Amino acid sequence: MKKVKNKSVNVKKQLKVKLENTATRYKNRVGFRPTEQQAYHWFKVINRGLFNSRLPTVPLHIRNLHKDWGRCVANWDNRKTPKGKFDQRVIPYHIEVDFYIELHCKFPKWKDFIETLAHEMVHLYQMTVMKDPFSNHNHNFYAFRNKFRAVGLRLYR
């Protein structure tokens, strides 16, 4: 009788191979400028490989960010104003919250783009699946470190 491999193991191996092949293609390129189409493609691939397709598809914006390579934004209560109905440090999950990811328009290397996108996807996972009220760099965030290492990515602050 033939053994059936675990599907999640195959998906992770496929992700690792795809990342390695693409990293080889962009190995000598300095300065990677991602497009929204590339960002959506890799969001889908990483979502399937690392998060078992549990993340909702959210808008991805490529723009010039000051001091950041990426951000995962939870928008509620018109957070641009100084005062609102809710504590701005804690995400209120009992109301509707809109999520989106912003990525910088230029990265030193292709791998920096992928690691930044995956980093922001961990924050999205914290917010949407785990319902972590802070969704910061806590033990929930660093619990993904081994998954990242298994596919050849780094997860850091």
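This note goes through the fold of the chain, its cysteines and two charged residues, Arg-71 and Asp-132.

1. Basis of the note. The model is predicted, so local features need pLDDT of at least 70 and side-chain atom pairs count only at pLDDT 80 or more, while totals for chains, interfaces and linings use all residues. Residues are numbered from 1 along each chain as its sequence is written, and side-chain values use heavy atoms, with hydrogens and water left out.

2. Overall fold. The protein chain has 5 helices and 3 strands, where helices (H or I, at least four residues) and strands (E, at least two) are DSSP runs numbered from the N terminus. Along the sequence these elements follow the pattern α-α-β-β-β-α-α-α. With contact taken as heavy atoms within 4.5 Å, 67% of the contacts between residues at least 6 apart in sequence join residues at least 24 apart.

3. Surface and burial. The accessible surface of the protein chain comes to about 10100 Å², and 51% of that surface belongs to carbon and sulfur atoms; areas come from the Shrake-Rupley method with a 1.4 Å probe, and for residues only the protein chains shown count as cover. Of the 157 residues, 40% count as buried, a class that means under 20% relative accessible area, with exposed over 50% and partly exposed in between (1.4 Å probe, protein chains only).

4. Cysteines. A search of the whole structure finds 0 disulfides, a disulfide being a pair of cysteine sulfur atoms within 2.5 Å. Cys-72 is buried, with a relative accessible area of 15%, whereas Cys-105 is partly exposed at 24%.

5. Arg-71. This residue is found in strand S2 (residues 70-75) and is partly exposed, with a relative accessible area of 25%. The side chain of Arg-71 makes a polar contact with the side chain of Asp-68 (3.1 Å); such a contact is a pair of N or O atoms within 3.5 Å, where within protein one must be able to donate a hydrogen and the other to accept it, and residues adjacent in sequence count only if both atoms are side-chain atoms. Leaving aside neighbours within four places in sequence, Arg-71 is in contact with residues including Arg-63, Tyr-100 and Glu-120.

6. Asp-132. This residue is found in the loop between helix H3 (110-128) and helix H4 (139-142). The side chain of Asp-132 makes a polar contact with the side chain of Asn-140 (3.1 Å), and Ile-91, Tyr-93 and Gln-126 are among the residues that Asp-132 touches, not counting those up to four places away in sequence.
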